[in-house]
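Me: I would like to go through this structure slowly, one question at a time. Could you show it to me before we begin?

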Amino acid sequence: MSLLTIPPCKELKGFVHHFWVASWEEQDQYTPATYYATASSLTEIVFAFRGSQKHAELAFSSVQGQTSLPGQYPAGGFFSMFGTSLYPHAIPAFFNLPASELNDQFLDPDTLWGKQRDSITEKIALAASTHERIRIISDYFLSRLSRQRFDDPYAFRAVNHIRLSKGNVSIASLADDFCLSQKQFERRFRIYTGFTPKLYARIVRFENILNNYKAFTHLTEAAHAFGYYDQAHFIHDFKSFSGYSPARFFELSGY
C-alpha cells in the first residue's frame with residue numbers, strides 16, 4: 001500500500017488537517033488484511049473505490065468521528081481510498097453540529113451534506129482525479145464557512161494551544177487564561193472537540209508519539225521527549241489508545 005497526504009488550501013488550514021490517498025497494487029487488492037485503528041483526535045471522511053484507476057467505482061463512503069477507542073477492521077478489496085482528515089472543531093463550522101455528536105460514530109457522509117447531500121458524493125464518485133476530488137470537497141467546505149453558527153474563539157484558541165504544545169499543557173492554567181471556570185471551559189471545549197480538554201490533550205500527545213517515534217533511537221526516548229516522565233503512565237496511555245503494548249502494536253500493525 002502507498003499513502004500520499006496533501007495539505008489543504010490556506011483558507012481551510014485551520015479546519016482540515018490534510019487530505020490523503022491510499023492505493024494498492026493489483027495483486028494486493030484482494031489480500032485479506034486487518035487495519036488496526038487507534039484513538040484519533042481527527043474526524044475522517046472516507047471514499048473507497050474498487051476496480052482500476054481507469055474504471056474506479058465507489059464501493060462505500062463513511063464518516064468516522066473522533067474517538068478515544070482503538071479498533072480492528074477488515075481491509076483490502078479496494079483499488080484506492082480518498083480521505084479528508086478534519087479537526088473536530090471543523091464539524092460545528094461545516095455541518096452546524098456539536099463535534100460531540102460524532103464521537104465514536106460511523107455515519108454516511110450524505111447525512112452531513114445538507115441540501116447538497118446527493119450531489120457531493122456523486123461528484124466525488126465521478127471525479128477523474130484526486131485533485132478534482134479535493135477541489136469538490138474544498139469548495140463545499142468554503143461555502144459552509146460563511147454560514148457557521150458555532151463560533152467560540154476561546155475553544156478554538158484552546159484547541160490550537162493544545163495541538164501546538166503536542167498535548168503537554170496544564171488544563172487548569174488554560175481555563176484560567178480564558179477567565180473561565182473549569183466547568184464552563186470543559187463544556188465549551190467538548191462542543192468543539194467531543195472530548196474533555198484533558199482527554200483531548202492525552203490523545204494529541206499519543207498521536208505525536210505515534211507519528212514521530214521513528215525519529216528516536218528508543219520508544220522510551222520518544223515518550224520522555226513528549227512529556228511522559230513515568231514509563232508506566234506511557235504504557236497505560238498507549239494500551240488505552242491502541243489496544244496493545246507498544247511492541248505488540250507495531251508488530252501487528254506494521255505502523
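Me: What is the relative accessible area of Asp 139, and which class does that give?
Reply: Three classes are used: buried is under 20% relative accessible area, exposed is over 50%, and partly exposed lies in between, with a 1.4 Å probe and protein chains only. Asp 139 has a relative accessible area of 40%, and therefore its class is partly exposed.

Me: What kind of model is this, and how are residues numbered and atoms treated?
Reply: Residues are numbered from 1 along each chain as its sequence is written, and side-chain values use heavy atoms, with hydrogens and water left out. Local features need pLDDT of at least 70, side-chain atom pairs count only at pLDDT 80 or more, and totals for chains, interfaces and linings use all residues, since the model is predicted.

Me: Which residue meets Arg 135 in a salt bridge?
Reply: A salt bridge here is a side-chain nitrogen of Lys or Arg within 4 Å of a carboxyl oxygen of Asp or Glu. Arg 135 is itself partly exposed at 42%, and its partner stands 4 residues away in helix H3, which means about one helical turn (helices are DSSP runs of H or I with at least four residues, strands are runs of E with at least two, and both are numbered from the N terminus). At 3.5 Å from N to O, the side chain that meets Arg 135 is that of Asp 139.

Me: How far apart in sequence are Arg 202 and Asp 237?
Reply: Their side chains meet in a salt bridge of 2.8 Å, N to O. The pair links distant parts of the chain, with Arg 202 in helix H7 (197-212) and Asp 237 in helix H9 (231-242), at a separation of 35 residues.

Me: Is Asp 237 buried or exposed?
Reply: Its partner Arg 202 is partly exposed, with a relative accessible area of 23%. Asp 237 has a value of 1%, so its class is buried.

Me: Which helix gives the largest share of the largest nonpolar core?
Reply: A nonpolar core is a set of buried Ala, Val, Leu, Ile, Met, Phe, Trp, Tyr and Cys residues joined through side-chain atoms within 4.5 Å. Of the 30 residues in the largest core, those touching the most other members include Phe 95, Trp 113 and Phe 141. Elements that give two or more residues include strand E4 (43-50), strand E7 (80-86) and helix H1 (90-95). The largest share, 6 residues, comes from H3.

Me: What is the order of strands in the open sheet of 6 strands?
Reply: Strands of a sheet pair through backbone hydrogen bonds, either parallel or antiparallel, and here two strands count as paired if DSSP finds at least two bridges between them. E4 and E7, for example, run antiparallel and are joined by 7 bridges. With antiparallel pairing, the order of the sheet is E1-E2-E7-E4-E5-E8.

Me: Which residue makes the 2.7 Å polar contact with the side chain of Ser 85?
Reply: Ser 85 lies in strand E7 and is buried, at 0% relative accessible area. A polar contact is a pair of N or O atoms within 3.5 Å, where within protein one must be able to donate a hydrogen and the other to accept it, and residues adjacent in sequence count only if both atoms are side-chain atoms. One such contact, of 3.4 Å, joins the side chains of Ser 85 and Trp 20. The contact of 2.7 Å joins the side chain of Ser 85 to that of Glu 44.
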